Amino acid sequence: MSIHTDLDDTANPGVPSARTAAFMASYLDALTLVERLHRLLLDVIKDEFERVGMLEINPVQALLLFNVGENEVTAGELKTRGYYQGSNVSYNLKKLVEMGYMHHQRSEIDRRSVRVRLTPKGRDVRTVVSGLFATHADGLVDRGVLDQNGIEDITSSLRRVERYWTEQIRYIY
């Protein structure tokens, strides 16, 4: 005889316990929020670029420039850092080079590999995005939306989810 608890889902295989169902509802809410926040961030960046008259690049490209920063990187490095999908990063890097936001140089060692870095024009975009994020950070604190502990809690939780998902991808087979 087995006693059914919220932790024991063997009584009805395929039917989540009340505890699991409640957690799953919250988990799905969190996933929806993360997805919505990402789209909203892109809209906020787009609005800022319209405000300052930088209409040539899109928000995804602006974030790419921000994330490259002062580094010299390959498309593969950006992909492995988890910033972008492979085809998306390659397309956007090509466009940014064509528009003069990035320099590119073939590796002397591996001619297939191209390293990119920001041009002064690319650094200008990075400065706009950085300024926008600094303004947001000040506003979040000034308005009492988040404090240092709150942002650290969010970041810590999201990093744990990231590690869990990464393990699911790496160890699924």
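Trainee: How much area does the protein expose, and what share do carbon and sulfur atoms supply?

Mentor: This is a predicted model. The protein exposes about 12,700 Å². Carbon and sulfur atoms supply 55% of that area.

Trainee: What makes a residue count as buried, and what percentage of the protein does?

Mentor: The cut-off is under 20% relative accessible area. Of the 173 residues, 21% count as buried.

Trainee: What is the order of the elements from the N terminus on?

Mentor: The order is α-α-β-α-α-β-β-α-α. That comes to six helices and three strands.

Trainee: Why is the set with Ile57, Leu64 and Met102 called a nonpolar core?

Mentor: Its members are buried residues of nonpolar types, joined through side-chain atoms within 4.5 Å, so the set fits the term. This is the largest such core, with 25 residues. Ile57, Leu64 and Met102 touch the most other members. Elements giving two or more residues include helix H1 (18-51), helix H4 (86-98) and strand E3 (114-118). H2 gives the most, six residues.

Trainee: Which residues is Leu64 in contact with, leaving aside neighbours within four places in sequence?

Mentor: Contact needs heavy atoms within 4.5 Å. Leu78, Tyr84, Val89, Asn92, Leu93, Leu96 and Met102 are the partners of Leu64.

Trainee: What is the volume of the largest pocket, and which residues are closest to its centre?

Mentor: The volume is about 2,700 Å³. Of 43 lining residues, Val34, His38, Leu41, Leu158 and Glu162 are the closest to the centre.

Trainee: How many residues of each class are in the lining of the largest pocket?

Mentor: The lining has 27 nonpolar, 11 polar and five charged residues.

Methods. Residues numbered from 1 in each chain as written. Predicted model: local features only at pLDDT ≥ 70, side-chain atom pairs only at ≥ 80, totals over all residues. Heavy atoms only, no water. Helix = DSSP H or I, 4+ residues; strand = E, 2+ residues; numbered from the N terminus. Buried < 20%, exposed > 50% of the residue type's maximum accessible area, 1.4 Å probe, protein only. Areas by Shrake-Rupley, 256 points an atom, 1.4 Å probe, with all protein chains shown as cover. 1 Å grid on protein atoms, 1.4 Å probe; cavity = no way out; pocket = protein on both sides within 12 Å on 5 of 7 lines; lining within 4 Å. Points joined across faces, edges and corners; volume = space filled by probe spheres on them. Nonpolar A, V, L, I, M, F, W, Y, C, P; charged D, E, K, R; others polar.
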